[in-house]
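Visitor: I would like a close look at one part of this model. Please start there and then work outward.

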Amino acid sequence: MQSRRGLIALASGFGPLLAGFPSGRVEAQGGWNPNRPIRIVVPFAAGGSTDVATRLVAEALSTPLGQPVVVENRAGASGTIAAEHVAHSAPDGYSLIMASATTHAASPALFRNLPYDPQRDFAAVSLVAYAPNMLVVHPSVPARSIQELIAYAKANPGRLNYGTAGSGSSQHISAALFGYMAGIEMTHVPYRGGAPAVSDLLSGRVQLVFAPVVEVLEPVRSGALVALGLTTARRIALLPAIPAIAEALPGYEVAGWVGLFAPAGTPPAAVDRLSRETAKVVRQPALRARLAEIGFEAVGSTSEEFATFQAGEIPKWAELVRISGATPG
């Protein structure tokens with residue numbers, strides 16, 4: 001087992017690191033112009049944070065690409081069902097996946113027989129946004145701060161059940177790291193996406209969730225759920241009153257992300273066009289503001305920057321998967 005000092009150092013490294021053409025028309029300059037709808041596959045359930053962010057980006061991309069950009073949900077197996085599907089789709093620029101740290105960083109360590117390689121089988125398009133999780137509890141839990149939650153958990157080992165979007169998801173890693181660093185025991189209840197986990201939290205079937213902000217923002221504002229902290233190293237502008245968990249648990253940080261990938265072998269001109277247009281729309285003030293409203297920090301990167309970023313994320317998430325003991329759920 002890794003030392004606590006080593007774990008804290010590892011967690012701290014999760015902060016942001018970045019500031020043949022079938023069925024498409026090719027311009028004389030080598031550009032790529034789609035002539036039919038483009039599909040973005042979401043590896044999690046409809047209504048979750050990745051789904052919401054994807055629909056905002058898809059809507060914005062439709063205009064510059066001159067074609068509808070449709071969203072398709074394929075939930076299950078911590079996102080690997082969707083990732084395998086896209087990996088085996090035609091590499092023509094018309095099939096993309098809105099990947100997460102789970103599907104394209106943690107998965108190699110989580111699944112012994114992963115049916116795809118997150119790097120070899122995909123072409124990086126653009127890092128879309130960072131996605132913090134927020135620790136929220138059901139009002140019946142007698143804790144209104146991180147310190148009170150830790151004290152309650154220590155006095156009641158194993159009594160707290162936490163829901164996640166699946167084993168190995170950023171939600172699971174966030175909770176497992178929290179439990180390890182706080183020295184508490186909690187019971188993991190995996191779901192097929194973040195939305196159903198939050199639904200059971202609202203009904204009281206589980207007591208807490210480390211959820212993407214968009215999935216719990218309204219229940220927190222209405223008082224149906226209680227927000228205790230964020231997984232980012234610092235507070236965010238959207239919720240300045242909610243502390244970072246690190247304020248009570250120094251060194252704690254887990255930074256999730258979402259980004260677009262195409263199947264390996266997709267023509268470079270198509271990848272380049274998709275990358276440029278994605279970065280442009282994500283950096284537009286209007287879309288940046290809409291993403292910020294649901295708790296995302298917009299990025300918009302080049303294909304090369306995203307590939308480099310992903311290569312650095314894989315060993316970090318692999319170590320956290322090992323530490324957490326996460327297994328496929």
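Visitor: Which strands does helix H8 (residues 213-222) lie across, and at about what angle does H8 run to E10?

Guide: Keep in mind that this is a predicted model. Helix H8, residues 213-222, lies across E7, E10 and E11. The helix runs at about 120° to E10.

Now look at the sheet beneath that helix. Five strands form this open sheet. Their order is E9-E8-E10-E7-E11, and the pairing is mixed. The edges are taken by strand E9 (187-190) and strand E11 (226-230). Each has a single partner strand, so one side of each is left without a neighbour in the sheet. On average, neighbouring strands here are turned by 30° against each other, direction ignored. H8 therefore lies across one of these edge strands, E11, as well as E7 and E10.

A second helix also packs on this sheet. H6 touches strand E7 (133-137), E8, E9 and strand E10 (208-212). The direction of H6 makes about 130° with that of E10. E7 and E10 thus appear in both lists: H6 touches them, and H8 lies across them.

Go next to the E9 edge. E8 and E9 pair in the parallel sense, over four bridges. Thr164 is a good residue to follow here. Thr164 is found in strand E8, residues 161-164. Across the pair, Thr164 stands opposite Pro190 in E9.

Is Thr164 buried or exposed? Its relative accessible area is 1%, so Thr164 is buried. The cut-off for buried is under 20%.

What does Thr164 touch, leaving out residues up to four places away in sequence? The list is Ser169, Gln171, His172, His188, Val189, Pro190, Tyr191, Gly193 and Ala197. One of these, His188, also makes a polar contact with Thr164. That contact runs side chain to side chain, at 2.7 Å.

His172 is another name on that list. It is found in helix H6, residues 170-182. His172 has 5% relative accessibility, so this histidine counts as buried. His172 and His188 are 16 residues apart along the chain. Their C-alpha atoms are separated by 7.8 Å. So the neighbourhood of Thr164 includes both histidines, and Thr164 itself is buried.

Now move to the other sheet. Six strands form an open sheet in the order E4-E3-E5-E12-E6-E13. Its pairing is mixed too. The edge strands are E4 and strand E13 (297-298), and each pairs on one side only.

E6 is the strand to study here. E6 spans residues 122-131. E6 is mostly covered, with 10 of its 10 residues buried. E6 runs antiparallel to E12, and eight bridges join the two. Within that pairing, Ala123 has Ala262 of E12 as its bridge partner. E6 also runs antiparallel to E13, joined by two bridges. There, Tyr130 has Glu297 of E13 as its bridge partner.

Which helix covers this region? H9 lies across strand E3 (38-42), strand E5 (95-100), E6, strand E12 (256-263) and E13. H9 runs at about 10° to E6.

H9 has a helix partner as well. H9 covers residues 268-283, and helix H10 covers residues 285-293. Their axes come within 5 Å and cross at roughly 70°. That makes H9 roughly perpendicular to H10. On the H9 side, the contact is made by Val281, Val282 and Arg283. On the H10 side, Pro285, Leu287 and Arg288 take part. By class, this contact has four nonpolar, no polar and two charged residues.

One last stop is the loop after E4. The loop lies between strand E4 (69-73) and helix H3 (80-87), and Ala77 is in this loop. Ser78 lies in this loop as well. What stands out is the backbone. Most residues other than glycine have a negative phi. Ala77 has a positive phi, near 55°. Ser78 also has a positive phi, near 55°. Their exposure classes are not alike. Ala77 has 30% relative accessibility, so Ala77 counts as partly exposed. Ser78 has 7% relative accessibility, so Ser78 counts as buried.

How values were computed:
Residues numbered from 1 in each chain as written. Predicted model: local features only at pLDDT ≥ 70, side-chain atom pairs only at ≥ 80, totals over all residues. Heavy atoms only, no water. Buried < 20%, exposed > 50% of the residue type's maximum accessible area, 1.4 Å probe, protein only. Axes fitted to C-alpha atoms, helices over the stretch in contact; angles between N-to-C directions. Parallel < 35°, antiparallel > 145°, perpendicular 65-115°, else oblique. Contact = heavy atoms within 4.5 Å. Nonpolar A, V, L, I, M, F, W, Y, C, P; charged D, E, K, R; others polar. Pairing = 2+ DSSP bridges. Polar contact = N/O pair within 3.5 Å; in protein donor to acceptor, adjacent residues only side chain to side chain.
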